[in-house]
Amino acid sequence: MLRRILVLAALAPCAIGAPAVEEAIPGLPAVKVRDLHYGDVLFYFYQHDHFDALVRLAAYRDQGHLAAHARDAELLRGGLYLSLGQHREAQEIFERILADAATPPEVRDRAWFYLGKVLYAAGLFAESERALQSSSGTLSPELDAERRLLLAQGFMYRQQYDRAIAELDVWQGPRLWLAYGQFNLGVALVRVGQKERGLGLLDSVGQIVSEWPELVALRDKANLAIGYAYLQAGEPAAARAALDRVRLSGPQSSKALLGAGWADAAAKQYEAALLPWQELQGRNLLDAAVQESYLAVPYAYAELGAMAQAVSYYEKAIAAYDAERSRIGESIGAIRSGRLLDAALKAERDGREGWFGQLADVPDSPESRYLYHLLAGHEFQEGLKNYRALEAMSKNLSGWSDSLGAFTDMVETRQKAFEMRLPAADARLATVDVAAVNGRRDALHARFETAIAERDVEALATEEERGQLDMLGEVDAELALHQGDAAYDDAREKARLARGVLLWKLDAAWKVRSWQGNRALRDLNAAVYDARTRETASMRAREGAPERNAALGARVKEASPRVAALGVRVDAAKSAQGRHLAEIAIEELEAQRHRLDEYSVQARYALATIYDRATANPPPTTPQGTP
Amino acid sequence: MRTLLISLLAAIAVSVPALADDAPEPTAERSALDAEVQSLRREVVDLNRDLFMLEEDLLFPASTQIAVFVSMDIGTFFALDSVQIKVDDKEVANYLYTDRELEALKRGGVHRIWLGNLKAGEHEVVAFFTGKGTHERDYKRGTTLKVEKGVGAKYVELKISDRVRKLQPEFVVRVWE
């Protein structure tokens with residue numbers, strides 16, 4: 001029994017290991033996102049959609065969108081592979097991070113921790129120990145607690161109980177982890193012979209006051225372990241006290257009720273023993289404790305001398321065993337026809353969480369009747385996880401298969417549309433001569449520069465002023481024909497005055513106009529640059545479009561057989577996995593049927609013994625007339 | 001009978017933890033299936049990555065691509081219900097958030113609410129945030145941004161943050177290149 005308790009203890013923290021993957025992101029809970037795409041990955045990751053998170057992470061990494069979070073992203077990728085059960089990929093990633101000398105200490109510590117976890121899951125305890133020992137210092141208290149427990153469990157698997165005790169003995173950590181630590185420490189101490197201290201520690205876990213489901217479940221396990229330990233040691237009162245602390249509705253309750261009955265029976269209190277045992281009789285007969293109770297109740301009545309009740313309960317037991325055997329037979333038939341897996345997948349709520357709990361409420365049909373019981377078995381659970389994963393992969397591939405058909409049409413349509421529009425586009429492009437525009441811009445720029453250098457105010461004249469200057473030029477030319485003629489002196493003076501006024505105006509506007517000219521030239525430069533860019537882009541698009549379309553078409557074409565080939569393999573693996581699950585289920589139900597056969601034989605034997613005794617020692621006949 | 005029952009009891013006691021927690025050594029058949037599932041999952045992840053990129057390249061080429069993201073810091077003064085996005089007065093996205101998604105946003109996740117195509121030039125992006133403000137009051141706010149779309153992909157972040165001094169939510173728009 002103790003060996004089994006150790007197994008229980010060693011595996012206990014597995015139940016609370018899953019959330020720790022989220023700690024793979026350094027800096028939680030406040031993640032300062034420096035790449036929007038990294039934030040998009042986290043959006044899916046925080047919703048526990050690990051597959052989508054991983055796909056986006058891989059795609060964004062290859063697209064170069066995660067530069068600012070390169071190391072965090074890599075650590076997260078390893079964590080995601082780990083959470084999907086892809087240990088080999090996770091290990092490769094963590095080892096790569098550790099091989100990089102530039103990895104900061106806090107990322108390095110997390111990588112060591114996760115590598116240790118991967119190795120632990122693979123059963124490589126010595127290697128896991130080395131990795132976990134390398135990680136310390138910067139881990140969060142929760143991760144450090146998990147690290148310590150993994151180390152201790154690794155020691156216990158290798159039966160190095162003293163090292164496990166040394167790891168856990170003086171350790172203080174977060175409450176939940178500490179409770180698991182105390183449980184394991186208690187078990188290790190019992191294992192090395194320090195029973196009193198070990199059971200004391202288990203007892204302290206068994207008396208934890210909490211509403212946290214994890215802790216309550218651990219408390220039940222501790223009390224059950226203590227109860228059976230005391231029962232085997234011949235201390236029924238102590239056993240009863242521990243077993244009474246187990247919840248009546250939890251997964252350990254049937255075993256606790258059975259043990260409580262046996263504690264009473266061991267103290268010769270058969271009437272008291274009947275209470276927990278009869279409580280068991282209303283429960284699922286596939287539970288070993290319930291099956292046992294069907295024999296225990298008539299046994300107690302027999303011990304109390306109530307032979308009529310004993311006979312009645314043995315007959316009830318035989319009938320119940322036979323009925324259950326028949327129901328198991330029906331279920332085996334349903335499983336052989338493949339209906340079990342349909343029921344298991346139907347019971348799943350959203351594929352992410354809560355589905356196991358819901359199985360307790362599945363309808364009582366042959367295919368689903370024993371689902372809850374079967375799922376308590378590790379191998380069936382792991383097999384169903386694989387089956388669900390394959391089902392999801394199959395749906396995913398089927399979705400892509402449809403999309404690829406649409407992609408092919410899209411590429412073809414796009415190519416046809418391009419060919420149709422090409423002549424008109426070419427004609428439009430032919431009318432555009434950006435080089436000529438560029439040349440005119442350069443000439444204008446040169447003229448402006450010269451005007452600025454020579455302070456040529458007339459060069460910046462408006463159209464109207466230019467007309468006035470031209471008119472003054474014509475007047476001057478006319479006046480030149482009458483050189484020396486005094487009759488034109490007045491006109492000459494007026495022309496000089498008018499030119500002076502005009503030049504004075506041009507000079508006054510020079511500063512503003514040169515600034516405006518500069519600005520207009522800058523705008524012109526930008527416009528010409530845009531025109532050149534658009535022309536280049538248009539030319540590139542015109543020349544590159546067929547090539548790009550062909551490349552996209554080739555990628556679609558290349559992906560189609562990949563999707564199809566993977567689909568075939570996934571379907572084959574799904575069928576194999578389904579058959580394997582059915583075999584496990586049938587094997588388990590056959591074993592149950594066999595056990596029920598044995599119980600039935602025992603009940604018949606006990607019944608026969610009572611009848612034999614009754615025949616050998618008939619009750620004295622009551623004289624007639626006796627009141 | 002008692003001896004028999006005690007032995008059965010011992011068997012049950014031994015099997016108690018095993019039922020719940022013991023992980024038996026995998027059989028050869030299970031190991032082979034596990035290995036195949038692992039290999040398939042790796043290949044399916046790689047294929048999905050390639051197809052995700054292909055889909056983007058095909059439907060949203062970088063030259064015209066624009067993506068709008070929604071992020072949130074603490075969200076004390078605003079409980080987000082939905083976000084509506086209009087581009088050049090045309091509705092392109094209207095997204096209602098679940099509790100799970102809001103939790104992911106609060107923890108640092110960023111939601112790519114819209115991925116689309118725009119021609120080069122200036123465009124107007126308008127976002128409307130609907131939810132509950134302080135004191136459970138219905139709250140709707142809009143924010144506008146002029147986006148100059150060039151030849152490369154454009155990313156717009158709509159960030160909801162808390163303006164502690166004014167006890168009000170703040171809606172910040174930021175353009176990433």
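**Entry 1: H16 and H17 of chain A**

Which residues in H16(A) and H17(A) meet? I looked this up before anything else, bearing in mind that the model is predicted. On the side of H16(A), I noted Tyr294(A), Leu295(A), Val297(A), Pro298(A), Tyr301(A) and Ala302(A). On the side of H17(A), I noted Met307(A), Gln309(A), Ala310(A), Tyr313(A), Tyr314(A), Ala317(A) and Ala320(A).

I then looked up the geometry of this pair. Helix H17 of chain A covers residues 307–336. H16(A) packs on H17(A) at an angle of about 170 degrees, and their axes are 7 Å apart. The two helices are therefore roughly antiparallel.

**Entry 2: H15 and H16 of chain A**

I went back along the chain to helix H15 (residues 270–280) and helix H16 (residues 288–303) of chain A. Their axes come within 9 Å and cross at roughly 150 degrees. Because of that angle, I entered H15(A) as roughly antiparallel to H16(A). The crossing is left-handed.

For the contact, I listed Tyr270(A), Ala273(A), Leu274(A), Trp277(A), Gln278(A) and Leu280(A) from H15(A). They meet Ala289(A), Val290(A), Ser293(A), Ala296(A), Val297(A), Ala300(A) and Glu303(A) in H16(A). I noticed that Val297(A) is listed in the contact with H15(A) and also in the contact with H17(A).

**Entry 3: H2 and H3 of chain A**

At what angle do H2(A) and H3(A) pack? I found about 165 degrees, with the axes 7 Å apart. Helix H3 of chain A spans residues 50–62. That angle makes H2(A) roughly antiparallel to H3(A), and the crossing of the pair is left-handed.

H2(A) makes the contact with His37(A), Asp40(A), Val41(A), Tyr44(A) and Phe45(A). H3(A) makes it with His50(A), Asp52(A), Ala53(A), Arg56(A), Leu57(A) and Tyr60(A).

**Entry 4: the mixed sheet of chain B**

I turned to chain B and found an open sheet of four strands in the order S4-S1-S7-S8, with mixed pairing. Why is one side of S4(B) and of S8(B) left without a neighbour in the sheet? Strand S4 (111–117) and strand S8 (168–176) stand at the edges and have a single partner strand each, so one side of each stays free of a neighbour. Neighbouring strands of this sheet are turned by 15 degrees against each other on average, direction ignored.

I also checked what packs on this sheet. Helix H2 (residues 36–45) of chain A does, touching S1, S4, S7 and S8 of chain B. The direction of H2(A) makes about 60 degrees with that of S1(B).

Next I went through the pairings. Strand S1 of chain B (residues 65–72) runs antiparallel to S4(B), and six bridges join them. Val70(B) stands opposite His111(B) in S4(B). S7(B) and S8(B) also run antiparallel, joined by nine bridges. Val156(B) has Val175(B) in S8(B) as its bridge partner.

How many residues lie between S7(B) and S8(B) in their hairpin? I counted four, and in the turn Leu167(B) has a positive phi of about 50 degrees.

**Entry 5: the antiparallel sheet of chain B**

I found another open sheet of four strands in chain B, in the order S3-S2-S5-S6, with antiparallel pairing. Strand S3 (90–96) and strand S6 (138–149) are the edge strands, each pairing on one side only. From one strand to the next, the twist averages 20 degrees.

Strand S2 of chain B (residues 79–87) is joined to S3(B) by six bridges. In this pair, Val87(B) stands opposite Lys90(B).

**Entry 6: domains**

I looked up the domain bounds. Chain A is divided into domain 1 (1–169) and domain 2 (404–614), and their C-alpha centres lie 43 Å apart. Chain B is assigned domain 1 (28–59) and domain 2 (65–176). The C-alpha centres of these two domains of chain B lie 33 Å apart.

**Entry 7: confidence**

Last, I looked up the scores. The model has an ipTM of 0.87 and a pTM of 0.72. Chain B has a mean pLDDT of 82, and 84% of its residues reach 70 or more. Over residues 1–24 of chain B the pLDDT is below 50, although this stretch has 41 contacts in the model beyond near neighbours in sequence. Coordinates predicted with low pLDDT should not be read in detail.

Conventions:
Residues are numbered from 1 along each chain as its sequence is written. Chains are lettered from A and ligands numbered from 1 in the order in which they are written. This is a predicted model: local features need pLDDT of at least 70, side-chain atom pairs count only at pLDDT 80 or more; totals for chains, interfaces and linings use all residues. Two strands pair if DSSP finds at least two bridges between them. Axes are lines fitted to C-alpha atoms, for helices over the stretch in contact, and angles run from 0 to 180 degrees between N-to-C directions. Two residues are in contact if their C-beta atoms, placed from the backbone, lie within 7 Å. Domain bounds come from an automatic or database domain assignment. pLDDT is the predictor's confidence in each residue, from 0 to 100. Angles under 35 degrees count as roughly parallel, over 145 as roughly antiparallel, 65 to 115 as roughly perpendicular and the rest as oblique. A crossing is left-handed if the near helix is turned anticlockwise from the far one by less than a right angle, and right-handed if clockwise.
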